[in-house]
Structure formats: structure tokens, C-alpha cells
Amino acid sequence: MMKEGVVVLNFARDVLVDEPALLAAIDAGKVAKYVTDFANSTVAGKKNVIVTPHLGASTEESEDNCAVMAVKEIKDFIENGNVKNSVNYPACDAGVCQDAGRLTVCHKNIPNMLTQFTGLFASKGVNVSEMVSKSRGDYAYTILDISAAADQSVADAIAAIDGVVRVRVIK
């Protein structure tokens, strides 16, 4: 019932497709291409068949790998403030802090935020040795490594800046 020259995409399960019938349809010109991520001896290497790697997102092995990855990423966030593969935060990675202090700031993505952060540190005689700031939509996330240990008074001063949502002292 399909039109001539259709392209069939199968990324669900290999058993859903009658592969011998599909190959016959390719030979007859009814199907132009078959694209799948299930390589097997029936379709692999056949004319007008494209086989891609199977990602296997729901296999036991991939779910175990995802769980390990999630633990590592949460640990990195807690210990270093780095964000990776988040749905609601932008990816932002400053590695491990090599200076005396580190703060992270979640804030609105509006002009003059970074200038206010660095200005506050400058007013206290504290150097910003590294800064990574990334945004996603209306919000941004900034990691600041500083030349002095960050304390609650510095965090409170940054938190008082209009547009700051949350400040966290890492080190």
C-alpha cells in the first residue's frame, strides 16, 4: 500500500520487519532504501540497505553505563560544581579548582551579571583566576575560581545581586 520508492526506517526491533519480503520489495523497486540499526546476515551488505550502529539505549548494559555516568556527574557537580549532560542547566565545566576558592552561581541570563561578580571580588582585593559561564535560555551558570577561600559573606554578597538565583561555595 506504500507509494513507489519509499524509504523504510527501522530503529525499533529487527523482528518487526519481514526482511526477505523487504529485500524482494527492494529488488522490485517498490522500496528504495531500508535503513536499520540491526545488522544481521539477512540485510547486512545488501544493495540499498543502510545499517547504522545500534545505540541500545535500553539494554541492561547501557542502563548500567548510564547509572555509572550519572553517579560520576553528580559527584563532579557536588565536588567541583561542574555540570554535564543536564536537562535544565547548560554544560559548564571548569575542571578541578586549582586556586584557593571556588563559587558557583546560577543566575538570570541578563546583561552585566559577570561584571557585577568580578567587580565584587575586585572590591575585596580578590582575583578571579578562572571563570566559566554558560547560558541556556533565560538562565546562566557561572563557575568562579578565586585567589582567596570563599566564605559565606562573599556568597551572601553575590546572592544579594539582583538576578542571582543561587550561590554555592565549593571551596
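# A walk through the model

Start by selecting Asn112, which is partly exposed, with a relative accessible area of 45%. You'll find Asn112 in the loop between strand E4 (101-108) and H3. Check its backbone while you're there: phi is positive, at about 80 degrees, although Asn112 is not a glycine. Keep in mind that you're looking at a predicted model.

**Into helix H3**

From that loop, move on to helix H3, which covers residues 113-123. Select Phe117, which is found in this helix. Is Phe117 buried or exposed? Phe117 is buried, and its relative accessible area is 0%. Now add Asp99 to your selection and draw a distance between the two C-alpha atoms. Phe117 and Asp99 are 18 residues apart along the chain, and their C-alpha atoms are separated by 17 Å.

**Back to an earlier loop**

Next, select Asn48. Where does Asn48 sit? Look in the loop between strand E2 (31-36) and strand E3 (49-51). Asn48 has a phi near 65 degrees, which is a positive value in a residue other than glycine. With 26% relative accessibility, Asn48 counts as partly exposed. Asn112 is partly exposed as well, as you saw at the start.

**A charged patch**

Now go to helix H2, residues 60-80. Select Glu60, Glu61, Glu63 and Asp64 together and switch on the surface. What do these residues form there? They gather in a patch of negative charge on the surface. Zoom in on Asp64, which lies in H2. Asp64 is partly exposed, with a relative accessible area of 46%. That fits its place in the patch, because a patch residue must have over 30% relative accessible area.

**Zooming out**

Finally, clear your selections and show the whole chain as a cartoon. How many helices and strands does the protein have? There are 4 helices and 7 strands. Follow them along the sequence and you'll trace the pattern β-α-β-β-α-β-α-β-β-α-β.

Turn the model around to take in its outline. Along its principal axes, the C-alpha trace spans about 80 × 30 × 20 Å. The radius of gyration is 26 Å, whereas a compact globule of 171 residues would have one near 16 Å. To finish, colour the chain by accessibility: buried residues make up 34% of the 171 residues in the protein. Phe117, from your stop in H3, is buried.

How values were computed. Residues are numbered from 1 along each chain as its sequence is written. This is a predicted model: local features need pLDDT of at least 70, side-chain atom pairs count only at pLDDT 80 or more; totals for chains, interfaces and linings use all residues. Side-chain values use heavy atoms; hydrogens and water are left out. Patches are made of residues with over 30% relative accessible area and no salt bridge: like charges are joined within 9 Å, nonpolar side chains (Val, Leu, Ile, Met, Phe, Trp, Tyr) within 5 Å. Accessible areas come from the Shrake-Rupley method with a 1.4 Å probe; for residues, only the protein chains shown count as cover. A salt bridge is a side-chain nitrogen of Lys or Arg within 4 Å of a carboxyl oxygen of Asp or Glu. Lys and Arg count as positive and Asp and Glu as negative; His and the chain ends are not counted. The place of a charge is taken as NZ of Lys, CZ of Arg, CG of Asp or CD of Glu. Helices (H or I, at least four residues) and strands (E, at least two) are DSSP runs, numbered from the N terminus. Buried means under 20% relative accessible area, exposed over 50%, partly exposed in between (1.4 Å probe, protein chains only). The radius of gyration is taken over C-alpha atoms; the globule rule is 2.2 Å times the number of residues to the power 0.38.
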